[in-house]
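Trainee: Could you walk me through this structure and tell me where the labels come from?

Mentor: Sure, let's open it up and go label by label.

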Amino acid sequence: MTVLTPERAASVPAPARTGTPAPRRRGRAGLVLAAPFAVLLTATVLVPIGYALYLSLFTDRLSGLGFSGPAQAFIALGNYADVVTDSAFHASLGNVALFVLVHIPIMLGLALVLALLVDSAVVRLRRLWSLAVFLPYAVPTVITGLIWAYLYSPNSGLTALLPFDPLGKTGILPSIVNIATWQWVGYNMIIFYTALQAVPRDVLEAARADGAGGFRTAVSIKVPMIRPTMFVALVFTVIGSLQLFTEPLVLRGFTGSVTSTWSPSLYVYEAAFIANDYGRAAAASVLLALVSALLSALVMRLSNRRSR
């Protein structure tokens, strides 16, 4: 065994460090992996939002006798003031508010009941039943609207079974609610059913051992344990409901009860592609996005408070 004296130990050179420190390498690897997402986020989300904000501050005005065509003029918040004071925009918000109040409880409640039935032993052929309920979601929304528009027509015979005209002024809202519920209930049922499959089975067995029946187990154990999933589904449903567009657009060709500004999305469509007022359309889009963000934040806040 060789023993180094202090003088000899001092003369031994320290090993040279090679390469980049591990934390720095991991940081660079993370940036490389996040770069594609950052590029896509910037190109598909941030840039369109910025361009919409830019368009909302301008409008097209004719200069002189108008022979040179419209010129873009900066009007600051003028488009926002026009949209906020427009009675057609107020009516579209009212229609969507009624749609949200009727559609969301019915659709999510029905999806939850179907998911609980499929998760229990009540329903046989679970996969076939799940596929049958989920199938309307696979149908494009335009095709769904055309199918129901034909069923709502006076020649189909369905109107004779209803106490109201589904394409009339008072029946158009329930008709649109029915179309949206028929298409989206299966999608949310699959989400709830997947969450129910994650409920610990020992908890359910303990409830049965304590004498809890199927209804008591579903209400007191299953539903509370999938409450976070239910709130997430509620947030996405609220956002999607505020963007209601295809259903009223399709039914508009079959009835005069749906105006060109029946929903906020139709209002934006009419302003941009019918009136060619891109500034007003951009301002209405920004306001609709703000309303969606505020409602989503409110729902998430209620969810966090309920979880506590």
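Mentor: What follows is a chat about two packed helices, a pocket and some record entries. Keep in mind that this is a predicted model.

Trainee: Why is α4 called oblique to α7?

Mentor: Helix α4 (residues 87-119) and helix α7 (residues 172-197) pack at an angle of about 40 degrees. Roughly parallel needs an angle under 35 degrees, and roughly perpendicular runs from 65 to 115. An angle of about 40 degrees fits neither, so α4 is oblique to α7.

Trainee: What else describes the packing of α4 and α7?

Mentor: Their axes are 7 Å apart, and the crossing is right-handed. As for the contact residues, 23 are nonpolar, five are polar and one is charged.

Trainee: What makes W184 and F236 stand out in the largest pocket?

Mentor: Their position: they are among the residues that lie nearest its centre, along with T237, G240 and S241. The full lining has 22 residues, and the pocket holds about 370 Å³ of space.

Trainee: Which elements build that lining?

Mentor: Those giving two or more residues are α4, α7, α10 (227-242) and α11 (246-251). Helix α10 has the largest share, with seven residues.

Trainee: How do the lining residues divide by type?

Mentor: Into twelve nonpolar, nine polar and one charged. Gly counts as polar here, so G240 goes with the polar ones.

Trainee: How do you know which stretches are labelled "transmembrane region"?

Mentor: That comes from UniProt, in an unreviewed entry; the stretches listed there include 172-196, 225-245 and 281-300.

Trainee: How much helix does the model show in the last two of those?

Mentor: Residues 225-245 are 81% helix and 0% strand, with end C-alpha atoms 34 Å apart. Residues 281-300 are 100% helix and 0% strand, and their end C-alpha atoms lie 28 Å apart.

Notes. Residues are numbered from 1 along each chain as its sequence is written. This is a predicted model: local features need pLDDT of at least 70, side-chain atom pairs count only at pLDDT 80 or more; totals for chains, interfaces and linings use all residues. Side-chain values use heavy atoms; hydrogens and water are left out. Axes are lines fitted to C-alpha atoms, for helices over the stretch in contact, and angles run from 0 to 180 degrees between N-to-C directions. Helices (H or I, at least four residues) and strands (E, at least two) are DSSP runs, numbered from the N terminus. Angles under 35 degrees count as roughly parallel, over 145 as roughly antiparallel, 65 to 115 as roughly perpendicular and the rest as oblique. A crossing is left-handed if the near helix is turned anticlockwise from the far one by less than a right angle, and right-handed if clockwise. On a 1 Å grid over the protein atoms alone, a cavity is a set of points where a 1.4 Å probe fits but cannot get out, and a pocket is an open set with protein on both sides within 12 Å along at least five of seven lines; lining residues have an atom within 4 Å of a point. Grid points are joined across faces, edges and corners, and a volume is the space filled by probe spheres set on the points. UniProt positions are given in the numbering used here, feature names are shortened, and annotations may be inferred rather than shown by experiment.
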